[in-house]
Amino acid sequence: MSSSVPGQGTGRTASPAIEVSGLRKSYGDKVVLDGIDLTAPEGTVLALLGPNGAGKTTAVKILSTLVTPDHGQVRVAGHDLATHPHHLRAAIGVTGQFSAVDGLLTGEENMRLMADLHHLPPAEARRVTADLLARFDLLDAAKKPASTYSGGMKRRLDIAMTLVGAPRVIFLDEPTTGLDPRSRHTMWQIIRALVADGVTVLLTTQYLEEADQLADRIAVLNGGKIAAEGTPDQLKRQIPGGHVRLRFTDPALYRTAVATLQVATRDDEALTLQIPSGGSQRELRSLLDWLDAAGIEADELTVHTPDLDDVFFALTQEVSR
Ligand code: ADP
C-alpha cells in the first residue's frame, strides 16, 4: 500500500466521509427507503445488512449518483449529492454487482481503459497500471483476457480498476459473494489495507461473518428503515441469548452448583450449567462475586455472546415473510 496518504496528517478535521439523513425513495407505491440516516467517519467500514429486497442496492445506487432520491441529504467525501453530484462521483469508487470488468479485454487493457477514463497521462497510466496489477497479484495474468480469470481474480481486477481514480470512498456491493474461502480472505485483507490507508468503505453483504470481520459499524436495514445501528459488539449485546457456561469435572461440585444456581440451564451429562448474561464486564464481575460467595468453583468458565446471525434474525424476522 502506498505510504503517502492524502488527507492524513494535514490536520483536516474528521468530518464523516459518508453522511446521509432522512433518505427516502419509492418506486411507484412501493416505499423502498423510508427515511434512513447513515454516518461513516473517514477510514472506517460501514456495513449495510438486510434481507433481500431491503433496499441495500438502492441505497448504494443513490449514494453513488446512479439513482435520484425522493428526499434526504447525502454527503459523500465532503460533496453534496444535490448540488455537486459530479464532484461526488469523482471522489468515489463502486465495485461489486456493477462490475466494470470487460471479459474480452486483458486485465492490463481493462486497467488502461480506466486510466484513460480518468485522463491519466500515458506515463502515469503505465505506472499506476503496473503498480495496481502487482499489488493485486495479477501481473502473471495481465496479458490474458479477463474472461479466463477465476472469480477471485475478477474481483481483484475490479477493485484494482476502481483504485485507478484514487477514490476516497468505495462502495462494495457484496464483494465476496460466490468466492471460495481463500479468495474471500484475500478480499478481506485487501479491504483492510485500503481502510488502513484512510479509504472509507460502505459494504453491503449477505454474509454476517463478513460484516463482523470488517465493519466498524453495522446498519441493519429492514422494511425501509434502519432497524439497528452500532458496532458489531453493540448489536450482539442488544439481543438476548448471551450466557456464561460453567463446566465442572467433579460431579459433587456440579450438584452443589445445580442446587445453588436455580436459574441455570443444566446439562447433567456434560456437567455444565448455563447462566443468562449479557457478557459485559459489570455483569461478569457480579456473577463471579456471587459464585465466590456461594463457594462455587467451576473448572472452566466461558462467555458466549450472541453472534450476528442471532442479531440479524431477531431484527428482521417480523417483516420478512
Ligand atoms: P437489496 O439490495 O436489499 O436486495 P434492492 O435495493 O435491490 O434491495 O431492492 C429494494 C426493493 O426495491 C425491492 O422490492 C425491489 O424490487 C425494488 N426496486 C429496486 N429497484 C427498482 C426499480 N428500478 N423499479 C422498481 N422497483 C425497484
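**Exercise 1. State which residues of α1 are buried, and describe how the helix is covered and how it ends.**

Step 1. The buried residues of α1 are K56, T58, A59, V60, I62 and L63, where buried means under 20% relative accessible area, exposed over 50% and partly exposed in between, with a 1.4 Å probe and protein chains only. Helices (H or I, at least four residues) and strands (E, at least two) are DSSP runs, numbered from the N terminus.

Step 2. With six of its eight residues buried, α1 is mostly covered.

Step 3. After α1 comes T65, which has a positive phi near 70°.

The model is predicted, so that local features need pLDDT of at least 70 and side-chain atom pairs count only at pLDDT 80 or more, while totals for chains, interfaces and linings use all residues. Residues are numbered from 1 along each chain as its sequence is written, and side-chain values use heavy atoms, with hydrogens and water left out.

**Exercise 2. Work out which residues surround the ligand, and which elements supply them.**

Step 1. The residues around the ligand, each with a heavy atom within 4 Å of it, are Y27, K30, V32, P51, N52, G53, A54, G55, K56, T57 and T58.

Step 2. By class, this shell holds four nonpolar, five polar and two charged residues; Ala, Val, Leu, Ile, Met, Phe, Trp, Tyr, Cys and Pro count as nonpolar, Asp, Glu, Lys and Arg as charged, and the others, Gly among them, as polar.

Step 3. Oxygen atoms of the ligand lie 3.1 Å from a polar backbone atom of A54, 2.9 Å from one of G55 and 2.9 Å from one of K56.

Step 4. The ligand taken alone exposes 560 Å², of which the protein buries 59%, the areas coming from the Shrake-Rupley method with a 1.4 Å probe.

Step 5. The elements that give two or more residues to the shell are β2 (30-40) and α1 (56-63), and α1 gives the most, with three residues.

**Exercise 3. Trace the strand partners of β1.**

Step 1. Eight bridges join β1 to β2 in the antiparallel sense, where two strands pair if DSSP finds at least two bridges between them. Within this pairing, R24 stands opposite D34 in β2.

Step 2. The two strands form a hairpin with two residues between them, and G28 in the turn has a positive phi of about 60°.

Step 3. Strand β1 (residues 18-27) also pairs with strand β4 (residues 71-76), antiparallel and over five bridges; in β4, Q73 is the bridge partner of S21.

Conventions
Polar contact = N/O pair within 3.5 Å; in protein donor to acceptor, adjacent residues only side chain to side chain.
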